[in-house]
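Okay, everyone, thanks for coming. Let me put the structure up, and then I'll walk you through a few spots in it.

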Amino acid sequence: MPVVFSKDFHKDLDLDGSIKAKAWDFVRKLSADADLTGLDFKQPKGAIDKRVRTARVSDSIRAVLFDMSGNREKFYLLAAIKPHDEAYALASTLELRVNPVNGIAEVLRHNDVGRVTAPPAVSAKADDRPYLVPYTADELTGLGLLADVAAMAVEIRDEDTLQALCLALPEWQADVLLQLAFGVGIDQVRAVYEPAPTTDIGQALNHPASRMQFVVVTGEDREELRAMIEGDFARWRTFLHPEQRAMAYRPKWNGSARLAGGAGTGKTVVAIRRAAYLARSSSRPRVLLTTYNRTLAAHLEADLAQLAGPGVVARAGAAESGAVRVAGVDSVARSIVSKVDGRVPKVMTRQEENRAWEQTVQELPDVTVAELDLFTPGFLAAEYRDVILAQEIADRQVYLKAPRKGRGVRLNWLQRSRVWDAVETFRRRLDCRATYTDLVARAARLLADPVSRAKADTYDSVIVDEGQDLHATHWLMLRRLVTEGPNDLLICEDSHQRIYGERLTLGQFGIKIVGRSRKLTLNYRTTRQNLRYALGLLDGQVADLDGEQETVAGYRSLLSGAEPEAHGFAGVGQESAFIAETVQAWRADLETALRDRHGDDVDKAGLTPDLTVLAVLARTNSQCDEVARVLRQAGVPVDVLTKDSDVAGSGVRVATMHRAKGMEFARVVVARLDDESAPLRWALEQSPAGDREDLIQRERLLLYVAATRARDNLVLTWSGTPSRFIPAR
């Protein structure tokens, strides 16, 4: 018998991972529907919905479910999994229904709704703040909201009250209220939650908005269900918002498309889902799923295999291989060069490349003081990458006339000539070696030649995650890697997380996305308090890959939690002591929660809290090493995440802000935010004056990235003078 798996059930499993094995055993028995006597079905007394039941998962844990075995389409709907008494108390208040206005399936928590919609105590204090939801109650009920909810919503003037109401509602109703409160027009909201009236619960479960909250799993999907229960595939990756679903499962885009969205809005989810969809949509598809480094590519590959099964992932050297290749963009370039040229030049490390540019600068003849300030290793490396290689310039005279869009420093004819001299010196120093950018540029040139291209692996569709961090040569290569046409390129990006790539527009490389751009604004990772603080760190204009100004308008979260904390100290020692105390307190909280849930079973089963949900982030590797040492001295298990580290450890995560990109944690300390580190002073001092504004902006965006890694608790610390990025209190 099919099982309908609710998001709240998944949430309960996330809160207590120790019951996942027992939950899987329960669901396996339930879906088999052979002998349910051992599951001890009970109907709570006084239940609002007579179909609600509780069932035994273990001696202390019960599932809350709806028994739809008497329905025309028979199934069980799993609503929650909780300790015995909590399960009974919750079950009696739930109602499963089809929304009469739009045909969306929803579970109503009547006690929660009644508590937040109860008339407030009369206050004599006048409130002249504007209403947050500028519509009438009738307009809201016309969208499908409950009448008492609509009546309250139109009277709300403060965000906390609105959030409390949203937390009591089915997720689609909460999202409607937040969209309206954040300025989205009612017609636009109605288009997202398009009505499909029905009275049949089976049909209602197929509504795109129902699938925000429920997933239907049949016997054939049992392994997917097991992965959802026993794995760590976050619930927001399973239950898609209608806007995510529309992007991931659209049959055809008539060309390249772009998906923008803030941190935590699920762009990566769409990328993974789209890859799996395209892999199944034709008999012999060739799909590339790529991102800017191999670490994130490894995460994408693991998530894709967990979602769609390992058979969908292409394996090097395998006779029977899947349809989707997952690789970092530099690895893609390496494979192209290897196949066509028969060999790959030795690629310099970043450190070797930096030293080569430093030596090049030292050998420049007759350098003036002003030119020393301009011709820094970083400036020359960027000019080589972003102008010369990006425009495939092989001649001095061409470079002297070339446009330099996006470069902060203007160069006259003589200065350009000096730059070309430096580039020629640098190339001689390579001595048969190559930089990573050289390798990508070589791959792009090979793909431009039809004969060479025929020897390389090319694709029907390319999906790019974290597109804002790719360089110009990457886009040259990717454009040539896939033939222009339907479903050729899907680019997921957030320009507010641009910490590597330069400012550019896709049109420069023949990637046309006009009319095929969409934006996600609902945050699934971060509480509204943390999201609001992180957005407050942003300052100034940021251009997206379409050349338009990127805004954060409409960004919202359904999660609520503690306000972020910011703490300054007189010295590093005091700051370190505070960090250790904070992490120890968080560890104690996790241990208490585990004991509250399992009692004496904690000791019997040897259960320990999951410390990998805690993280401390800092700007530099040396700062991370220092923080790790302090935590270890305090008795806290620590795993320092580096480029080549195994992330399978069980300790508190310590990482640089760059390394934490793409990761998420329940509680985060962002440390060492003094004026020497944010922005990094030595990096500013070594960059030309004309590039410093962009560098400062990049450092600000890096702090935004770090702050958005936290779901529940965010703490920022510094000693001495605080970073200019920290909002004034």
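Quick bit of vocabulary before I start: I'll say two strands pair if DSSP finds at least two bridges between them. Also, please keep in mind that this is a predicted model.

With that, let's look at strand β20, residues 638-640: three bridges join β20 to β21, and the two run parallel. One contact to find on your screens is Val640, whose bridge partner in β21 is Val654. β21 also pairs with strand β19, residues 614-618, again in the parallel sense, over four bridges. There, Ala618 has Thr656 of β21 as its bridge partner.

So is β21 buried or exposed? Five of the five residues in β21, 652-656, are buried, so the strand is largely enclosed by the rest of the structure. Val652, Val654 and Thr656 point one way, Arg653 and Ala655 point the other way, and all are buried. Yes, that includes the arginine, Arg653.

Okay, zooming out for a second. The protein chain has 30 helices and 23 strands. Its C-alpha atoms fill a box of roughly 90 × 65 × 55 Å along the principal axes. For 729 residues, a compact globule would have a radius of gyration near 27 Å, and this chain comes out at 28 Å, which agrees. Of those 729 residues, 56% count as buried. And if you take the contacts with a separation of 6 or more, 74% are between residues 24 or more positions apart.

Next, the nonpolar core. In soluble globular proteins, nonpolar side chains tend to be buried together. The largest core here has 37 residues, and the ones touching the most other members are Ile336, Val462, Trp475, Met477, Leu478 and Leu481. Which elements give two or more residues to this core? They are α16 (329-341), α22 (436-448), β11 (461-464), α24 (472-481) and β12 (489-493). If you want one residue to click on, try Leu478: leaving out residues up to four places away in sequence, Leu478 touches Thr290, Val329, Val462, Val464, Leu470 and Leu489.

Now for the aromatics. A search of the whole structure turns up 11 aromatic pairs. I'll show you two of them.

In the pair of Trp172 and Tyr193, the ring centres are 5.8 Å apart and the planes sit at 50 degrees, so we call this one tilted. Trp172 is in helix α8 (171-181), while Tyr193 is in the loop between α9 (186-192) and α10 (201-204), so the pair ties together parts that are 21 residues apart in sequence. Both Trp172 and Tyr193 are buried.

Tyr384 and Phe426 have ring centres 5.7 Å apart, with planes at 65 degrees; over 60 counts as edge-to-face, so that's what this pair is. Here it's helix to helix: Tyr384 lies in α19 (377-389) and Phe426 in α21 (413-430), so the pair ties together parts 42 residues apart in sequence. Tyr384 and Phe426 are both buried too.

There's also an aromatic cluster, made of Phe5, Phe9 and Phe239.

Last stop, charges over rings. Arg157 lies over the face of Tyr131, at 4.0 Å from the ring centre. The charged end of Arg416 sits over the ring of Tyr399, and there the distance to the centre is 5.8 Å.

That's my tour, so over to you for questions.

Terms used: Residues numbered from 1 in each chain as written. Predicted model: local features only at pLDDT ≥ 70, side-chain atom pairs only at ≥ 80, totals over all residues. Heavy atoms only, no water. Phe/Tyr/Trp six-rings, centres within 6.5 Å; stacked < 30°, edge-to-face > 60°. Buried < 20%, exposed > 50% of the residue type's maximum accessible area, 1.4 Å probe, protein only. Lys NZ or Arg CZ within 6 Å of the ring centre and 35° of its normal. Core = buried A, V, L, I, M, F, W, Y, C linked by side-chain atoms within 4.5 Å. Contact = heavy atoms within 4.5 Å. Rg over C-alpha atoms; globule rule 2.2 N^0.38 Å.
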